[in-house]
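Thanks for making the time this morning; I would like to walk you through one structure, and please stop me whenever something is unclear.

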Amino acid sequence: MAATMSISAAGVATGLGANVELKSNVGSSSSSVAGVRLFTSRKAQLRRCAAPATSASLYSDANYDLNNYKFAPIKESIVAREMTRRYMTDMITHADTDVVVVGAGSAGLSCAYELSKNPNVKVAIVEQSVSPGGGAWLGGQLFSAMIVRKPAHRFLDEIEVPYEEMENYVVIKHAALFTSTIMSKLLARPNVKLFNAVAAEDLIIRGDRVSGVVTNWALVAQNHNTQSCMDPNVMEAKVVVSSCGHDGPFGATGVKRLRSIGMIESVPGMKCLDMNAAEDAIVKHTREVVPGMIVTGMEVAEIDGSPRMVLIPSVSPSVIIISLFAITSSVSSVIN
């Protein structure tokens, strides 16, 4: 069955289309906070207002008397079977999938969120760390706030992340608010599976096309030199999105592998910081670098030698959000 992506030319022109709540919408409200305006969606406001009553009701109920509280009994073997069966089912399901996103930082998570809006598109996310999110849990120099340049704030409206609005940018009070919110919305979708603590060790190449990734447990991938041979597994895919970030032990692995096998000429590495030039460059150059493989986020800076931009979380959400349009266009032309 042909699967088409849910991005239209109108969506590109307006940010993320008609589902975006702009600050002038009736469904949004604002309040003055130290001279700036704090915007939240109407749904988020209602959810927060209802929470205290729900909490009070919960703990006043006799069924939640903590002096006499007791969990239902369960066998340890049942827990083991439930975890194992589900994980193995996911591995079988995504052994041949539509899209593999390598790297679950802000780039990978935002990309997977957008692509998985189409329920017919299966998306597997491979993340080497136990904790997904990359550098987007904190801001620059381990500070808390996340700065998002307009018009990328429209994506925050869509996923209902509150922010303080300034003239040309918005500020989320803690980067973890963005990361945890998009992660919770993304992972609730039935067509998405996150394989964390899993490394993409290599690519599957057929002819001149990337056709999937070679995977292994991250701890195994880090210890090939200390143990005997520990062979990997694979995930075939119609499209691989490499969002591995800038160079490092597990950084820019997609483009570095393409260079080592001669599919691209060079990976010059990112230049020194220039945020204004860097973000525009990454939006412009997010693309399918070889057939079957799209590169986004800071990995684009590595392959193109564009400037770095790290003063805010490791890959600017401004860039990621706008780059989604290039990704969805490329993927929609491949998945059939």
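Let me begin with a pair of strands in what is, I should say at once, a predicted model: strand β4, which covers residues 123-127, runs parallel to β8, and the two are joined over five bridges. Within that pairing, E127 sits opposite N196, a residue of β8. As for β8 itself, residues 192-196, this strand is mostly covered, with four of its five residues buried.

Stepping back to the protein chain as a whole, the secondary structure amounts to 11 helices and 13 strands, and of the 336 residues, 44% are buried. If we take the contacts in the chain with a separation of 6 or more, 69% of them are between residues 24 or more positions apart. The chain exposes about 17,100 Å², of which carbon and sulfur atoms supply 56%.

On that surface there is a nonpolar patch formed by Y64, L66, Y69 and F71, which together have about 480 Å² of accessible area. F71 lies in the loop that connects α2 (42-60) with α3 (76-93), and F71 counts as exposed because its relative accessible area is 66%, where the cut-off for that word is over 50%.

Since many of you work with cysteines, how many disulfides does a search of the whole structure find? The count is zero. Two cysteines are still worth placing: C229 is exposed, because its relative accessibility is 66%, whereas C244, with a relative accessible area of 15%, is buried, the cut-off there being under 20%.

Technical notes:
Residues numbered from 1 in each chain as written. Predicted model: local features only at pLDDT ≥ 70, side-chain atom pairs only at ≥ 80, totals over all residues. Heavy atoms only, no water. Patch = residues over 30% accessible without salt bridge, like charges linked within 9 Å, V, L, I, M, F, W, Y side chains within 5 Å. Areas by Shrake-Rupley, 256 points an atom, 1.4 Å probe, with all protein chains shown as cover. Salt bridge = Lys/Arg side-chain N within 4 Å of Asp/Glu carboxyl O. Buried < 20%, exposed > 50% of the residue type's maximum accessible area, 1.4 Å probe, protein only. Pairing = 2+ DSSP bridges. Disulfide = S-S within 2.5 Å. Contact = heavy atoms within 4.5 Å.
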